[in-house]
Amino acid sequence: MATVADVIVKTLVNFGVKRIYAIPGDSLNPIIDAIRRNRDIKYIQVRHEEGGALSASFESKYSGNLSACMGTSGPGSIHLLNGLYDAKMQHVPVIALTGQIETDLLYHDYFQEVDLVKLFDDVSVFNARITNPDNANYIIWRACREALIKKGVAHVDMPVDVLRMNSREIDLSYNIEKPDYKPDLKGAEELINKSKRPLIFIGSGARDAGEKINKLAERIGAPIIYALNGKGIISDGDKKVLGGIGLLGTRPSIKAMSKTDLIIFLGTVFPYSAFINNVKNIQVNNNIEDLNKIMKADVSCLCDVSYFLDNLNVSEKSDKFYDEMDSEISKWKKDIESRAFKRDNIISAEALSYEISKRIEDDAIIVGDTGNVTLWVNRYINAKKNNKFFFSSWLGTMGAGIPGTIGISLASGRKVYGIIGDGSFAMTSMELITIKKYNIPVKLIIYDNHILGMIKLEEEIMGYPEYGVDLYNPDFARLAESVGIKGIRIENYNELNEKLDEFFNYDGPAVLDVITETNETPMPPKLEFRVAERYITSILREKLEPRE
């Protein structure tokens, strides 16, 4: 007869879970042993539970399938929360298993006793504790099902004594039914046909519909802009693609937004409505909760993006709005290239990003961490036809880059690059050990400017002088070498090309530590006067006011 631990592991396997990210602990011993005895699931030993949860989150961002992470009683499980909130806010299915003390010790204020069901309530779409061994099969089945259907985090708390008990195995086969929404598209068709300057705005919900979007854009003459999660759906080299929007975006996107008379939102809930003019809009999303959530739609279409594109019947426009934007795109690209030049042997982030973009392979996956590197990736790393990009786009947690590359590399088997700031790298650098242990061939590039650049900029545009953001860093290349990973360090512009080539040609995991300009400011594509005024004030205060 199978134990509860066996039943849990078998159910995970039945739902397609390939690996579970965890650190062992006494309350997890039965389930660790069940994983050891099951050949269809792999245990990945991370070095911090936060890293494990982030790896699981990014794995699901890539695959869309259920992923899993695990923490032991008390502190081990608490560490999972940051990565799980990343999964929650990006609507990806992750199951989190937490070890718990014996049931007869609950509510005794025992060592490492934490009410994990209560703690995980906000992050979870399903949240339960197994107390009856004969109910274990149903609870773990239900957790997996809810995570997939509701696209979020399911949490199951597992007292160690229950894990050791025998359990009934019930045939709980599953079939996740996808809603088959087929709305009437006449309202959308009328708006598009009447529009003179339609604009297509894409997000992660359009990830598998790139070619179809391209055909619609050609037909109706629409430029394409993207939310952060929409980067890479269509090549940045396509003349219709103007880039991102918002603080991370481009001037052509801002310009197109000011001229358009209709925005077609495909698979996105763009939160920064201040960047969107009060124009007519069509919203296409397969999640009813996301329609009309940020702004009111003139036409709402509850369906998959592919259904919308397959069934839309609109006239071809002879005047192409994207042709109007040609000069704006040319000027922007020249401006971007002009920033990528040698400045007294100092490496600017723009120059580094420009050179990286030229070398990244067409089929590679790029993971961008949080901070100024998000802007450098979004603005300077050009998406080629088969590139995919992933971020902690809604939680925006620092330190997601290294664990994110681990999860995506294990799930995809493709070349994966992590582009990471020095502040973020230090936060989760212990996962270099995980990379080495499993020989995961990821390539990590550190923008090492010895400062929390995004926070510095935020202080300054609020009118405050820079304070508390300078960083003392180790030599990250030597740190990588101490783990057994190839480490390369670049300290001046003259060695940039040679060492970049060495890094990109190296076969295996590698870390590239690039010393970049400290005071480089990633300005937004459009700077309002009141922001500029506060920024100048802060610079003057930095120079004139004494520090404590």
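A residue is called buried under 20% relative accessible area, exposed over 50% and partly exposed in between (1.4 Å probe, protein chains only). The model is predicted, so that local features need pLDDT of at least 70 and side-chain atom pairs pLDDT 80 or more, while totals for chains, interfaces and linings use all residues. Residues are numbered from 1 along each chain as its sequence is written, and side-chain values use heavy atoms, without hydrogens and water.

**View 1. Surroundings of Asn285 in strand 11 (residues 280-285).** Asn285 has a relative accessible area of 9% and is therefore buried. A polar atom of its side chain lies 3.0 Å from the backbone nitrogen of Asn287. Beyond neighbours within four places in sequence, the contacts of Asn285 (heavy atoms within 4.5 Å) include Gly267, Asp290 and Cys301.

**View 2. Packing of helix 1 (residues 4-14) on helix 2 (residues 29-37).** The axes (lines fitted to C-alpha atoms over the stretch in contact) lie 8 Å apart at an angle of about 55°. Helix 1 and helix 2 are therefore oblique (neither under 35 degrees, over 145, nor 65 to 115). Ala5, Asp6, Ile8 and Val9 of helix 1 meet Pro30, Ile31, Ala34, Ile35 and Arg37 of helix 2. Seven of these residues are nonpolar, none polar and two charged.

**View 3. Packing of helix 15 (residues 349-359) on helix 22 (residues 496-505).** The axes come within 11 Å and cross at roughly 40°, which makes helix 15 oblique to helix 22. Helix 15 contributes Leu352, Glu355, Ile356 and Arg359 to the contact, and helix 22 contributes Leu496, Asn497, Leu500, Asp501 and Phe504. By class, five residues are nonpolar, one is polar and three are charged.

Key: Axes are lines fitted to C-alpha atoms, for helices over the stretch in contact, and angles run from 0 to 180 degrees between N-to-C directions. Helices (H or I, at least four residues) and strands (E, at least two) are DSSP runs, numbered from the N terminus. Ala, Val, Leu, Ile, Met, Phe, Trp, Tyr, Cys and Pro count as nonpolar, Asp, Glu, Lys and Arg as charged, and the others, Gly among them, as polar. A polar contact is a pair of N or O atoms within 3.5 Å; within protein, one must be able to donate a hydrogen and the other to accept it, and residues adjacent in sequence count only if both atoms are side-chain atoms.
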